[in-house]
Structures are given as structure tokens and as C-alpha cells.
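Biologist: Before planning any bench work, I should like to go through this model with you. May I put my questions one at a time?

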Amino acid sequence: MAKHFEKKRQEDFGTEFEEKVLYINRCSKVVKGGRKFSFSALILVGDGQGHVGYGFAKANEVSDAIRKGSESARKNIYTIEMEGSTIPHEVYVEWDGAKLIIKPAGPGTGVIAGSQTRSVLAMAGVKDVIAKNLGSGNPLNQVKAIFKAFRQLKNRKKNLDERKRSQ
């Protein structure tokens with residue numbers, strides 16, 4: 001994992017984090033007495049300033065799943081590389097069945113993306129970007145693909161300086 005893309009906790013940042021429920025799934029198990037339901041929740045937290053995290057949790061009640069997912073998301077916050085209000089360069093990633101292309105866009109373009117991708121990019125604070133999901137519609141795989149794409153982003157100036165130092 002790159003040095004600039006480290007997991008941190010919410011307490012490490014001095015900003016206020018916003019929370020969003022991306023997806024809730026209901027599962028049922030047939031038992032002797034009838035159906036037993038359980039729930040899973042995919043939660044997103046971000047401050048709109050380049051810090052974003054996600055959490056996934058399961059529980060027998062929706063509220064418990066959301067609470068556990070929120071706690072998990074606040075423990076796994078990442079800082080992403082940005083150039084102004086967009087990303088530094090184009091990225092193509094695959095995660096399981098999800099294939100994702102994210103491209104930088106000019107000022108004023110806005111976030112042009114599907115629902116889960118749009119939510120993650122907006123929570124991260126990226127304002128001008130174009131994204132396309134080419135594969136799976138599974139929300140968890142889409143979110144994991146986005147975070148894999150964030151890991152591949154590199155700041156051009158820092159990267160150039162590192163190359164010059166290594167020569």
C-alpha cells in the first residue's frame with residue numbers, strides 16, 4: 001500500500017464527518033419456526049475535504065447494522081490525492097466483477113457517475129469528475145473498486161520529485 005494512502009481514524013482529523021447509508025440488504029434464513037431475518041449495511045463517512053471511509057456490517061436489526069457499519073467506517077478513513085476540485089489522472093480498476101473508469105474533468109463539470117460512485121466521490125470532496133461503472137451492480141464491490149482507484153492516484157509533483165531523488 002502506498003505511503004500517502006493510509007488508514008486513519010476520525011479522531012486524527014479536525015473536521016466534521018458526514019455519514020450516509022449507501023445500501024441495506026435483508027437476508028432471510030428459513031428455520032423450523034419460520035423465517036429469520038438479518039440485515040447488512042454499507043455506510044459511508046466523509047468530510048468533503050479529501051477524507052472518506054466506508055464500513056460494512058451485519059446484524060439482526062437494521063439499526064444495529066447501521067451503528068456497527070458507522071463505527072467501522074470511522075476507523076477506516078483514507079485521504080485521497082486531489083488536484084484542485086478533481087483527481088490528478090485517469091484510473092481504470094477491477095474489483096471482483098466491478099470494473100470502473102474514473103476520469104478528471106474541467107471546472108464546472110460536476111460529478112457525472114452512478115449512484116454509489118457519485119456518493120463516494122461527493123463525500124470525498126471531488127467536485128469535477130466523470131466515472132463509469134462497466135461491470136457489476138453490487139454496491140459493496142463498486143465501493144471497494146472506488147477505494148482501489150483512490151489508492152492508485154498519485155500527485156504529479158510528488159511523484160516527479162521522488163523520481164528525481166532516486167536517480
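The exchange below concerns a predicted model.

Biologist: In what order do the helices and strands of the chain run from the N terminus on?

Modeller: The chain holds four helices and eight strands. Written from the N terminus on, with α for a helix and β for a strand, the elements run β-β-β-α-β-β-β-β-α-β-α-α.

Biologist: What share of the residues of the chain counts as buried?

Modeller: The C-alpha atoms fill a box of roughly 70 × 35 × 35 Å along the principal axes. The chain exposes about 9600 Å², of which carbon and sulfur atoms supply 47%. A residue counts as buried under 20% relative accessible area. Of the 167 residues of the chain, the buried share is 40%.

Biologist: Among contacts with a separation of 6 or more, what percentage joins residues 24 or more positions apart?

Modeller: One example of sequence distance against spatial distance is Arg151 and Ile80, which are 71 residues apart in sequence and 7.5 Å apart in space, C-alpha to C-alpha. For the chain as a whole, residues 24 or more positions apart account for a share of those contacts equal to 60%.

Biologist: How far apart are the mean positions of the positive and negative charges?

Modeller: The chain carries 30 positive and 18 negative charges. Averaging the positions of each set gives two points, and their separation is 7 Å.

Biologist: Which strands lie at the edges of the open sheet of four strands?

Modeller: The strand order in this sheet is 5-6-8-7, with mixed pairing. Strand 5 runs antiparallel to strand 6 (residues 98–104), and five bridges join the two. Within this pairing, Val91 has Ile102 of strand 6 as its bridge partner. The edge strands, each pairing on one side only, are strand 5 (91–95) and strand 7 (111–112).

Biologist: Which residues of helix 2 are buried?

Modeller: Helix 2 covers residues 115–124 and is mostly covered, with seven of its ten residues buried. Just after this helix, Gly125 takes a positive phi of about 100°. The buried residues of helix 2 are Gln116, Thr117, Ser119, Val120, Leu121, Met123 and Ala124.

Biologist: How many residues apart are Tyr54 and Phe147?

Modeller: A search of the whole structure finds three aromatic pairs. One of them is formed by Tyr54 and Phe147, a tilted pair with 4.8 Å centre to centre and 55° between the planes. The pair links distant parts of the chain, since Tyr54 belongs to strand 3 (residues 51–59) and Phe147 to helix 3 (residues 139–152), a separation of 93 residues.

Biologist: Why does the pair of Phe147 and Phe150 count as edge-to-face or stacked?

Modeller: A pair of aromatic rings is described by the distance of the centres and the angle of the planes. For Phe147 and Phe150 the centres are 5.7 Å apart. Planes over 60 degrees apart count as edge-to-face. Because the planes of Phe147 and Phe150 stand at 70°, the pair is edge-to-face.

Biologist: Which residues form the aromatic cluster that includes Phe147?

Modeller: Phe147 and Phe150 are three residues apart in helix 3, so about one helical turn separates them. Both are buried, and Phe147 has a relative accessibility of 1%. The cluster is formed by Tyr54, Tyr78, Phe147 and Phe150.

Biologist: Is Arg151 buried, partly exposed or exposed?

Modeller: Arg151 lies in helix 3. Its relative accessible area is 30%. Buried requires under 20% and exposed over 50%. Because the value for Arg151 falls between these limits, the residue is partly exposed.

How values were computed. Residues numbered from 1 in each chain as written. Predicted model: local features only at pLDDT ≥ 70, side-chain atom pairs only at ≥ 80, totals over all residues. Heavy atoms only, no water. Buried < 20%, exposed > 50% of the residue type's maximum accessible area, 1.4 Å probe, protein only. Phe/Tyr/Trp six-rings, centres within 6.5 Å; stacked < 30°, edge-to-face > 60°. Contact = heavy atoms within 4.5 Å. Areas by Shrake-Rupley, 256 points an atom, 1.4 Å probe, with all protein chains shown as cover. Lys, Arg positive; Asp, Glu negative; His and termini not counted. Charge placed at Lys NZ, Arg CZ, Asp CG, Glu CD. Pairing = 2+ DSSP bridges.
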